[in-house]
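Work through the exercises below with the coordinates at hand. Each task is followed by a solution in steps.

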Amino acid sequence: MSTGAEHVTERRAEDRTERIALTPAAGELLRRLRETHGPLMFHQSGGCCDGSSPMCYPAGEFRTGAADVLLGRLAVPGVAETVDFWMAADQFARWRHTHLTVDVVPGRGGGFSLEAPEGVRFLIRSRLLSAEERARLDG
């Protein structure tokens, strides 16, 4: 669990700007993984190799702390609880002006990520936030 990590998606109820989203394919894979492994979480470290991909773990299996940022809590249709998406703080410092979308593509992902045996891997797609989105998130 978190030990003082920053949660960057706190916002007013009328503000629907978020930093992280899911594609339908990623949502479907998360539903299947949830059935097998229970509640889930993501962490993206920003390091080389596996660290540059979002890694999916059973919730709480990857210890987060002050060096991590909670980007958001992903609502997955058909899953009772949200899926927290964490990122290393130094990676977030570089990516704070982007909106990220978790997708899934064919291929072998990180060896420790839950989707590895499925023959697919999670992938981040990104776009720059608009000036209006940045103002809402940073304000």
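Two strands pair if DSSP finds at least two bridges between them. The model used here is predicted.

**Exercise 1. Describe the sheet that contains β2, and place Ala21 in it.**

Step 1. Start from the residue: Ala21 stands opposite Thr101, a residue of β7.
Step 2. Count the bridges. β2 and β7 are joined by three bridges, and the two strands run parallel. The cut-off for pairing is at least two bridges, so β2 and β7 count as paired.
Step 3. Add the remaining strand. The sheet is open, has three strands in the order β2-β7-β8, and its pairing is mixed.
Step 4. Find the edges. β2 (20-22) and β8 each pair on one side only, which makes them the edge strands.
Step 5. Take the twist. On average, neighbouring strands of this sheet are turned by 30° against each other, direction ignored.
Step 6. Add the helix. α1 packs on the sheet and touches β2, β7 and β8. The direction of α1 makes about 65° with that of β7.

**Exercise 2. Classify the aromatic pairs Phe42–Phe122 and Tyr57–Phe62.**

Step 1. A pair of aromatic rings is described by the distance of the centres and the angle of the planes. The structure holds three aromatic pairs, and two of them are treated here.
Step 2. For Phe42 and Phe122 the ring centres are 4.9 Å apart and the planes stand at 85°. Planes over 60 degrees apart count as edge-to-face, so this pair of Phe42 and Phe122 is edge-to-face.
Step 3. Locate both rings. Phe42 belongs to strand β3 (residues 40-44) and Phe122 to strand β8 (residues 120-128), so the pair ties together parts that are 80 residues apart in sequence. Phe42 and Phe122 are both buried.
Step 4. For Tyr57 and Phe62 the values are 5.3 Å centre to centre and 25° between the planes, and the pair is stacked.
Step 5. Compare with the accessibility cut-off: buried means under 20%. Tyr57, at 14% relative accessibility, counts as buried. Phe62, at 26%, counts as partly exposed.
Step 6. Look for a cluster. Phe42, Phe85 and Phe122 form one.

**Exercise 3. Which residues touch the most other members of the largest nonpolar core, and which elements supply it?**

Step 1. The largest nonpolar core has 23 residues. Those touching the most other members are Phe42, Cys56, Leu71, Phe85, Val102 and Phe122.
Step 2. At least two residues of this core come from each of α1 (24-37), β3, β5 (68-74), β6 (83-88), β7 (98-106) and β8.
Step 3. The element that gives the most is α1, with four residues.
Step 4. Take Cys56 as an example. With neighbours within four places in sequence left aside, the contacts of Cys56 include Leu30, Leu33, Phe42, Phe112 and Phe122.
Step 5. Check for another core. A second, separate core has five residues, among them Met55, Tyr57, Leu70 and Trp86.

**Exercise 4. Compare three salt bridges, formed by Glu118 and Arg32, Arg127 and Glu133, and Glu132 and Arg136.**

Step 1. Side chains of opposite charge can pair when their charged atoms come close. The structure holds nine salt bridges.
Step 2. Glu118 and Arg32 are bridged at 3.6 Å, N to O. Glu118 sits in the loop between β7 and β8 and Arg32 in helix α1, 86 residues apart, and the pair links distant parts of the chain. Both residues are partly exposed: Glu118 has a relative accessible area of 42%, and Arg32 is at 38%.
Step 3. The bridge between Arg127 and Glu133 has an N to O distance of 2.9 Å. Arg127 is partly exposed at 40%, whereas Glu133 is buried at 14%.
Step 4. For Glu132 and Arg136 the closest N and O atoms are 2.6 Å apart. The two residues are four residues apart in helix α3 (residues 131-138), so about one helical turn separates Glu132 from Arg136. Glu132 is exposed at 55%, and Arg136 is partly exposed at 29%.
Step 5. Finish with the network: salt bridges link Arg19, Arg96 and Asp138.

Technical notes:
Residues numbered from 1 in each chain as written. Predicted model: local features only at pLDDT ≥ 70, side-chain atom pairs only at ≥ 80, totals over all residues. Heavy atoms only, no water. Phe/Tyr/Trp six-rings, centres within 6.5 Å; stacked < 30°, edge-to-face > 60°. Buried < 20%, exposed > 50% of the residue type's maximum accessible area, 1.4 Å probe, protein only. Core = buried A, V, L, I, M, F, W, Y, C linked by side-chain atoms within 4.5 Å. Contact = heavy atoms within 4.5 Å. Salt bridge = Lys/Arg side-chain N within 4 Å of Asp/Glu carboxyl O. Axes fitted to C-alpha atoms, helices over the stretch in contact; angles between N-to-C directions.
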